[in-house]
Amino acid sequence: MISDTEDLTAAIKAEVPKVRDDLIIDSGDIDAIAWSPTHVEPIYLDPIATTMLHVVDGIASVGTLADEVADVLEISEDIALDQVARVIRLYRKGGLLESKDAGPPVEPLSASSYVPDW
């Protein structure tokens, strides 16, 4: 019998995410700030999320990415899957992934949007 957890893990591993091509990335030495045209605020990317920007390309599945991370870092597959899934959730939260549900670009906030209209 397959549990709900096994079904969820299989679904996560099968996902093939792709980072948007129209992001604005401001990279530091080991981390970055990324802006999506679909979100008003930028999102902070830690060193792992910054590194993964280059491999979340719409070709490899989350499971494949996790396997590669496990091999390169010599960590368990479970830990690698947890980290890759965490990064994908972060990308999704910040609007960094391509999506058919992304919606139109948002207008950036201007200084005038903070000034009361008295």
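In the predicted model, D26 stands opposite I33 in strand β2. This pairing belongs to an antiparallel arrangement in which strand β1, residues 24-27, is joined to strand β2, residues 32-35, by 4 bridges. In the same pair of strands, I25 faces A34 of β2 as its opposite residue. The connection from β1 to β2 is a hairpin of 4 residues.

Strand β2 also pairs with strand β3, which comprises residues 43-45. The two strands run in the antiparallel sense and share 3 bridges. Within this pairing, A32 is placed opposite L45 in β3. Strand β2 is thus named in both pairings, with β1 and with β3.

The side chains of β2 follow an alternating pattern. A32 and A34 point to one face and are buried, whereas I33 and W35 point to the other face and are not buried. In a regular strand, side chains alternate between the two faces of the sheet. Of the residues on the buried face of β2, A34 stands opposite I25 and A32 stands opposite L45 in β3. I33, which is not buried, is the residue opposite D26.

A second region of interest involves helix α3, residues 62-73, in which L73 is located. L73 counts as exposed because its relative accessibility is 56%, the cut-off for exposure being over 50%. Together with V72, I75 and I79, L73 forms a nonpolar patch on the surface. The accessible area of these residues together is about 380 Å².

The largest pocket holds about 280 Å³ of space. Its lining consists of P47, I48, T51, M52, V55, L65, E68, V69, V72, L73, I75 and Q83. Helices α2, spanning 47-52, and α3 each supply at least two of the lining residues. The most is given by α3, with 5 residues. V72, L73 and I75 appear in the lining of this pocket and are also among the members of the nonpolar surface patch. L73 is therefore a residue of α3 that is exposed at 56% relative accessibility, takes part in the patch and lines the largest pocket.

Key:
Residues numbered from 1 in each chain as written. Predicted model: local features only at pLDDT ≥ 70, side-chain atom pairs only at ≥ 80, totals over all residues. Heavy atoms only, no water. Pairing = 2+ DSSP bridges. Patch = residues over 30% accessible without salt bridge, like charges linked within 9 Å, V, L, I, M, F, W, Y side chains within 5 Å. Areas by Shrake-Rupley, 256 points an atom, 1.4 Å probe, with all protein chains shown as cover. Salt bridge = Lys/Arg side-chain N within 4 Å of Asp/Glu carboxyl O. Buried < 20%, exposed > 50% of the residue type's maximum accessible area, 1.4 Å probe, protein only. 1 Å grid on protein atoms, 1.4 Å probe; cavity = no way out; pocket = protein on both sides within 12 Å on 5 of 7 lines; lining within 4 Å. Points joined across faces, edges and corners; volume = space filled by probe spheres on them.
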